[in-house]
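Take a look at the protein chain shown here. Keep the view open while you read this short report.

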Amino acid sequence: MESVKLDLNSAFEMSKRAFEELYKNEKHLFENLNDEKVELCRKDVYYHTSFLIQAINLDSKPLFEDYTKWVFELFKSLGISFESYVISLNYILSVINDTFGEGIAKVARKFLNDSIEFYKNEEKVIQNSNPLQDYKEQYKKLLLQGDRRSASKLIDELISKGVGVKEIYTYIFRESLYDIGLLWQTGKINVAQEHFFTAATQMIMTQLYPYIFTHLKNGHTIVGACASGELHEIGIRMVCDLLEMDGYNTHFLGASTPAQGVADYAYFKKAEAILLSVTLSINLESLRKTIEVLRADDRLKGLKIIVGGRPFTLDPELYAKVGADYSTTNVEELKRIIEQ
């Protein structure tokens, strides 16, 4: 594909023009909507435009394929026709053509067509290999009922039965959080329930810290953080906890950490690797800029930059496109990378 770099800041103006044409020419899509829902449609067009530009800039079709799948599931749960998404994409494509010319529009058209075709042809066979599946479902049910105390007690009981902290993190916390994300995405739970589930899990994780922070250290110092603008922190926090259990000295800086702050802290702690996380692909540009800051800092020469999060599971080559050294979602592989 030809090299393309679009200004992500132009997404708002482009989406505004696309929506104006959509609203003017496709009256049937809006005839039963009140002003509030029309405004939501306007925001949807902005999101479609932003995710498309991000995917094009990074030459990553899997990012937009995943977004298209998400839109399909969300629209289905809301009773919205998927065809309305396809129609809006065509108006966005028209604006791209008018703004940047046929060459870039051709690239965008390829992304759009391939993402829709990908979803239509996608078939997945889901095999459940979770050895703690029943406990995960019980944990999930308790927190969805708002019963944090019983969920905490369940984790205590598993520890007393000899279930390891790593197994609880992997098979209960991580997998239940993934399930909750899907439930929110498809409209089966609301954002308040999703936030409560995440906050409660973070609190319950703290009760396991006596098992995490008592291990002998192996001399490796790691800094972990979310890119600026990225608020989903629990995944990388779990990775740092798992590394801590294996003797690594980890420093987790939290959500939406400014690039210079990451650089200064890594230098202060003489870290040998920085772990950076992004959950939403819309924050990949922020991640790329963070890595640029780290690369430009002479104090951090030789520092390993390792990235993770959902976008990197979709596109195995994405880490290089944002300037990182490595990407992995496997803690054992991550340890090998750090120590090599």
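Is lysine 335 buried or exposed?

## Lysine 335

This is a predicted model. In it, lysine 335 is buried, because its relative accessibility is 15% and the cut-off for buried is under 20%. Lysine 335 belongs to helix α16, which covers residues 331-339.

Which residues touch this lysine? Setting aside neighbours within four places in sequence, lysine 335 is in contact with Leu243, Asp246 and Tyr248.

## Domains

The domain assignment splits the protein into domain 1 (8-121), domain 2 (132-211) and domain 3 (216-339). The centres of domain 1 and domain 2 lie 35 Å apart, taken over C-alpha atoms.

An unreviewed UniProt entry lists residues 219-340 as "domain: B12-binding". Over residues 219-340, helix makes up 43% of the chain and strand 18%. The C-alpha atoms at the two ends of this stretch are 14 Å apart.

## The sheet

Strands of a sheet pair through backbone hydrogen bonds, and the pairing can be parallel or antiparallel. Which kind is found here? The pairing is parallel, in an open sheet of five strands. Their order is β2-β1-β3-β4-β5. The edges are held by β2 (249-252) and β5 (326-327). Each edge strand has a single partner, so one side of each is left without a neighbour in the sheet.

Now look at one pair. Strand β1 (residues 221-226) and strand β3 (residues 273-277) run parallel and are joined by five bridges. Glycine 224 stands opposite leucine 275 in β3. Helix α11 (residues 234-245) packs on the sheet, where it touches β1, β2 and β3. The direction of helix α11 makes about 160 degrees with that of β2.

## Cysteines

A disulfide is a covalent bond between the sulfur atoms of two cysteines. How many disulfides does the model have? The count is zero, with a cut-off of 2.5 Å between cysteine sulfur atoms. Take cysteine 226 as a case: the nearest cysteine sulfur, that of cysteine 240, is 9.3 Å away. That distance is not within 2.5 Å, so cysteine 226 is in no disulfide.

Cysteine 226 has a relative accessibility of 1%, so this residue counts as buried. Cysteine 41 is partly exposed, because its relative accessible area is 24%, and partly exposed lies between the 20% and 50% cut-offs.

Technical notes:
Residues are numbered from 1 along each chain as its sequence is written. This is a predicted model: local features need pLDDT of at least 70, side-chain atom pairs count only at pLDDT 80 or more; totals for chains, interfaces and linings use all residues. Side-chain values use heavy atoms; hydrogens and water are left out. Buried means under 20% relative accessible area, exposed over 50%, partly exposed in between (1.4 Å probe, protein chains only). UniProt positions are given in the numbering used here, feature names are shortened, and annotations may be inferred rather than shown by experiment. Helices (H or I, at least four residues) and strands (E, at least two) are DSSP runs, numbered from the N terminus. Two strands pair if DSSP finds at least two bridges between them. Contact means heavy atoms within 4.5 Å. Axes are lines fitted to C-alpha atoms, for helices over the stretch in contact, and angles run from 0 to 180 degrees between N-to-C directions. Domain bounds come from an automatic or database domain assignment.
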